[in-house]
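A visitor with a biochemical background has asked to be guided through a structure. The sequence and the coordinates are shown first.

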Amino acid sequence: MYTRVNIVDAQFGADGGFDSSGGCSPVSSRSGTSESDGSGSSSNNADEFCPDPYPSGSDPRVDRAISNVLTESSACVLGDIDRHQQRMLALLPAFSSPAGAGARADALSRWLAGFDVGWVLDMDPSCSSKGGESLPRREVGRRVRAWAQALNTMERVFRLRHRELTLKQVEALGELAAASAGAMLKLAGAVAALGSSPSKLLAVLDVYDPVLEAFPILGRMFSWGPSHPVLTAAADTLAALVDAARSCGRDLRAFVRSHYPWRMPLGGEVHPCVGFWMGYFRCMLRNHIALCFVLGGGGDDDAGSRGGDAPPLAAPGGLGLVAELISCLEAVLEEKSAALAFPGLRQVFMLNNTFAILRRAVRSDLRMFLPPGWVRAREERMEGYIKSYMDASWAPVVSRLDDAGGGKKPSAVIRRRTSRLSAFYTALENACSAQRCWKVHNPVLRGILRKTASVNVVPAYRRYLEDHPEVEVAVGRTAEELEEQLSNLFEG
């Protein structure tokens, strides 16, 4: 018999412990920092659920170290607007009419180097489209961040100073701005030309907004007409970015299925891919307006570009995109869990992972993009995993106590009952031995599973002993000792 323990009746206590006093779901009761969900995140900062924002398969520790160095140097470079303005004034003569192409090229190189983006001059987007790597995949995130900061600062420098200049200086400044903007578009073009990958989609979204916002401002500032080469190139680049994002969008489900190594954890704990992908979805949503436009934007050609009858990735306002991708992740976890053959381990694995997904969703900005009933559906699914765990793991153990039939002689009955009790002890020991090595990091879930096992096994064992006092109980096998044994499960 299965005694139901409702997971919705559990919540986090003030000390992070297990509280069965009733109330809300353990994953939705509080929004602050609490216990680990077992997915390997130990940070308590606001971005604890965010991976490296441009996952590429490289060591995230190396990527973070590179990012930290960049941030420190960029803070010095980008924070001194006045110094940039003084550099600008010194370089303007090179962009006056008499100056030659060599002087302009040298001045432009020095101007961009002052923003830490001199490398844009060496980029050739056509290389990526021909199979080359003009933008090293490992440096996508680092370069996009530096590029976005530099473009924003350049626009501020131009805006704050150009009205104080002479007419001739304003004309030279317009030439500098046009040359700078054209060079900066090389990065955007290189991102659009990269091969489809999760990191490319994030880079496209991070590049799209700055191009969309900064270039029209520059056009108005310097009275560039719509046919100006820079604005024309910017429009072409935006179109290429939209095409690139939609191409990656069509591949998102395939990315979820294949991008992360799918080696299964032996103890049923949270798979590392959960932290990776849930953090990735958060990174996508930091540019959710651009995301909804480029992936779910209207257009008569959208259906055809998705191929056949493939559903759109984003419903109006972006709703549906997150839920769909999370459902894809859950489906892959369900498929992969079939490899866990030990009775009950598959259910523990899915319970751990569903809890981790739910906790990461409701405690982040992802929750704003989830449809009504999404949380409740996962809670019910978790309850189902607990019941299935009991059916697979402990129901066969308790069934050893079934006393079917009767013997003709009392001695035969006692022998049969003793043998049945020995079979129960063996099955119990096998289950406990295996499940002590399983991992349920979250104390709420661990408490629920232990309590569920205890309330289904211990009372049945106690009733058997009460109904058959003639059977000798082995040393260390009282009901209380059995309950203590079950309390040591899932320690890993």
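The exchange below proceeds from the whole chain to its helices and then to single residues.

Visitor: What is the mean pLDDT of the protein chain?

Guide: The model is predicted, and pLDDT expresses the predictor's confidence in each residue. Of the residues in the chain, 73% reach 70 or more. The mean pLDDT of the protein chain is 79.

Visitor: Over which residues does pLDDT stay under 50 while the model has 69 contacts beyond four places in sequence?

Guide: Where pLDDT is low, the predicted coordinates should not be read in detail. The stretch with 69 such contacts and a pLDDT under 50 is residues 8-35. Another stretch with pLDDT below 50 has seven contacts beyond near neighbours in sequence, and it covers residues 57-63. The stretch asked for is thus residues 8-35.

Visitor: How many helices are there in the protein chain?

Guide: Buried residues make up 50% of the 492 residues in the protein chain. Among contacts between residues at least 6 apart in sequence, 76% join residues at least 24 apart. The secondary structure of the chain comprises two strands, and its helices number 17.

Visitor: Is helix H7 largely enclosed by the rest of the structure or largely open, and how many of its residues are buried?

Guide: Helix H7 spans residues 198-221 and reaches 36 Å from its first C-alpha to its last, close to the expected 34 Å. A residue counts as buried under 20% relative accessible area. H7 is largely enclosed by the rest of the structure, because the buried residues among its 24 number 18.

Visitor: Is H6 roughly parallel or roughly antiparallel to H8?

Guide: The axes of helix H6 (residues 167-193) and helix H8 (residues 229-258) come within 10 Å and cross at roughly 15°. Angles under 35 degrees count as roughly parallel. H6 is therefore, with respect to H8, roughly parallel.

Visitor: Which residues in H6 meet those in H8?

Guide: The crossing of H6 and H8 is left-handed. On the side of H8, the residues are Val230, Ala233, Ala234, Thr237, Ala240, Leu241 and Ala244. Those in H6 are Ala178, Ala181, Leu185, Ala188, Gly189 and Ala192.

Visitor: Is Ala240 buried, exposed or partly exposed?

Guide: Ala240 lies in helix H8. Its C-alpha is 9.5 Å from that of Val191, although the two residues are 49 apart in sequence. Since its relative accessibility is 31%, Ala240 counts as partly exposed.

Visitor: How is H9 oriented to H12, roughly parallel or roughly antiparallel?

Guide: Helix H9 (residues 272-285) and helix H12 (residues 321-336) pack at about 170°, with their axes 11 Å apart. This angle makes H9, relative to H12, roughly antiparallel. The contact includes Trp277 and Phe281 of H9, together with Leu325 and Leu329 of H12. The orientation asked for is hence roughly antiparallel.

Visitor: What is the handedness of the crossing of H9 and H13?

Guide: H9 and helix H13 (residues 345-362) pack at an angle of about 25°, with axes 10 Å apart, and the two helices are therefore roughly parallel. Val274, Gly275 and Met278 of H9 make the contact with Asn353, Ala356, Ile357, Arg360 and Ala361 of H13. The crossing is right-handed.

Visitor: What is the relative accessible area of Ser223?

Guide: Ser223 is placed in the loop between H7 and H8. Its phi is near 55°, a positive value in a residue other than glycine. Most residues other than glycine have a negative phi. Ser223 is exposed, and its relative accessible area is 65%.

Visitor: Is Trp224 buried or exposed?

Guide: Trp224 is also placed in the loop between H7 and H8. Beyond four places in sequence, the residues that Trp224 touches include Gly174, Ala177, Leu218 and Val230. Ala178 is 46 residues away in sequence but 9.5 Å away in space, C-alpha to C-alpha. With a relative accessible area of 11%, Trp224 is buried.

Visitor: What is the relative accessible area of Phe490?

Guide: Phe490 lies in the segment after helix H17 (479-486). Its phi is near 70°, a positive value in a residue other than glycine. Phe490 is buried, and its relative accessible area is 1%.

Notes. Residues numbered from 1 in each chain as written. Predicted model: local features only at pLDDT ≥ 70, side-chain atom pairs only at ≥ 80, totals over all residues. Heavy atoms only, no water. Helix = DSSP H or I, 4+ residues; strand = E, 2+ residues; numbered from the N terminus. Expected span 1.5 Å × (residues − 1). Buried < 20%, exposed > 50% of the residue type's maximum accessible area, 1.4 Å probe, protein only. pLDDT = per-residue confidence, 0-100. Contact = heavy atoms within 4.5 Å. Axes fitted to C-alpha atoms, helices over the stretch in contact; angles between N-to-C directions. Parallel < 35°, antiparallel > 145°, perpendicular 65-115°, else oblique. Left-handed = near helix turned anticlockwise from the far one by under 90°.
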